[in-house]
Amino acid sequence: MNQERLEQQLNDLKKQLISLGMAIPGSIQTAYLRCGKKNCRCQQDEKLRHGPYFLWYRRVNGKTATQSIAEEDVHLFRTWIDNREKLEALVQKIISLGADYAAFLKLPPENRKIQGTQCAESKIKGIKG
Ligand SMILES: [Zn+2]
């Protein structure tokens, strides 16, 4: 592990972040529903319920919010949900990389392969000294 490699990994992750599009929380589920009409076929048999309806579920202020979406928008919503999952995975990778970097800074300076700019720690030492 060296600083150049850590910076390169961070740059790769940043490029992946930039390439992501819109991201939304929640999930999409397909539902078959009963209507309010007493004599409707949907009241008699589960298989005769209305639908499919496409519902987007998400948490808003601790409660589940539901929004019905048009069938033609399902693909778009799924893409945005996939983007959010990729975004969350990328954020975790950056945080994990940061932990590696922090562990790297714990090494004595003579064991680090510092390249290019000074690291933050040596700048602080420079101010004190
Ligand atoms: Zn019905």
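Two residues are taken to be in contact if their C-beta atoms, placed from the backbone, lie within 7 Å. With that in hand, the fold of this predicted model can be introduced through its contacts: among those in the chain between residues at least 6 apart in sequence, 58% join residues at least 24 apart. Burial gives another view of the chain, since of its 129 residues 1% count as buried.

A word on confidence comes next. The average pLDDT of the chain is 88, and 85% of the residues score at least 70. Among the elements, strand 3 (residues 63-69) has the highest mean pLDDT, 97, while helix 3 (residues 120-128) has the lowest, 49. A reader browsing the model may like to keep that value of 49 for helix 3 in mind.

The secondary structure comes to 3 helices and 3 strands. Read from the N terminus, these elements follow the order α-β-β-β-α-α.

The strands make a natural place to begin. All 3 strands form an open sheet in the order 1-2-3, with antiparallel pairing. Strand 1 (27-33) and strand 3 are the edge strands, and each of them pairs on one side only. On average, neighbouring strands of this sheet are turned by 40° against each other, direction ignored. Helix 2 (residues 74-106) packs on the sheet and touches strand 1, strand 2 and strand 3; the direction of helix 2 makes about 145° with that of strand 1.

The pairings can be followed residue by residue. Strand 1 and strand 2 run antiparallel and are joined by 6 bridges, and here S27 stands opposite Y57 in strand 2. Strand 2 and strand 3 also run antiparallel, with 7 bridges joining them. On this side of strand 2, L55 stands opposite S68 in strand 3, and R58 stands opposite A65 in strand 3. As for burial in strand 3, the number of buried residues among its 7 is 0, so strand 3 lies largely in the open. In a regular strand, side chains alternate between the two faces of the sheet.

Strand 2 (residues 50-60) deserves a closer look, starting with P52, which is found in this strand. The peptide bond joining G51 and P52 is cis, with omega at about 10°. V60 also lies in strand 2. Is V60 buried or exposed? V60 has 9 other C-beta atoms within 10 Å; a residue counts as exposed if that number is 12 or fewer, so V60 is exposed. The C-alpha atom of V60 is separated by 9.7 Å from that of P25, a residue 35 positions away along the chain.

Next comes the loop between strand 2 and strand 3, where N61 lies. The hairpin made by these two strands has 2 residues between the strands, and in it N61 takes a positive phi near 50°. This sign of phi occurs although N61 is not a glycine. N61 is exposed, because 5 other C-beta atoms lie within 10 Å of its own.

The helices complete the picture. How do helix 1 and helix 2 lie relative to each other, parallel or antiparallel? The axes of helix 1 (residues 3-19) and helix 2 come within 10 Å and cross at roughly 165°. Angles over 145 degrees count as roughly antiparallel, and helix 1 and helix 2 are therefore roughly antiparallel to each other. Their crossing is left-handed. On the helix 1 side, the residues that meet helix 2 are L6, Q9, L10, L13, Q16 and L17. Their counterparts in helix 2 are L90, K93, I94, L97, D100, Y101 and F104. Helix 2 thus meets helix 1 and also packs on the sheet.

Conventions. Residues are numbered from 1 along each chain as its sequence is written. This is a predicted model: local features need pLDDT of at least 70, side-chain atom pairs count only at pLDDT 80 or more; totals for chains, interfaces and linings use all residues. pLDDT is the predictor's confidence in each residue, from 0 to 100. Helices (H or I, at least four residues) and strands (E, at least two) are DSSP runs, numbered from the N terminus. A residue is buried if 20 or more other C-beta atoms lie within 10 Å of its own, exposed if 12 or fewer, and partly exposed in between; C-beta atoms are placed from the backbone. Two strands pair if DSSP finds at least two bridges between them. Axes are lines fitted to C-alpha atoms, for helices over the stretch in contact, and angles run from 0 to 180 degrees between N-to-C directions. Angles under 35 degrees count as roughly parallel, over 145 as roughly antiparallel, 65 to 115 as roughly perpendicular and the rest as oblique. A crossing is left-handed if the near helix is turned anticlockwise from the far one by less than a right angle, and right-handed if clockwise.
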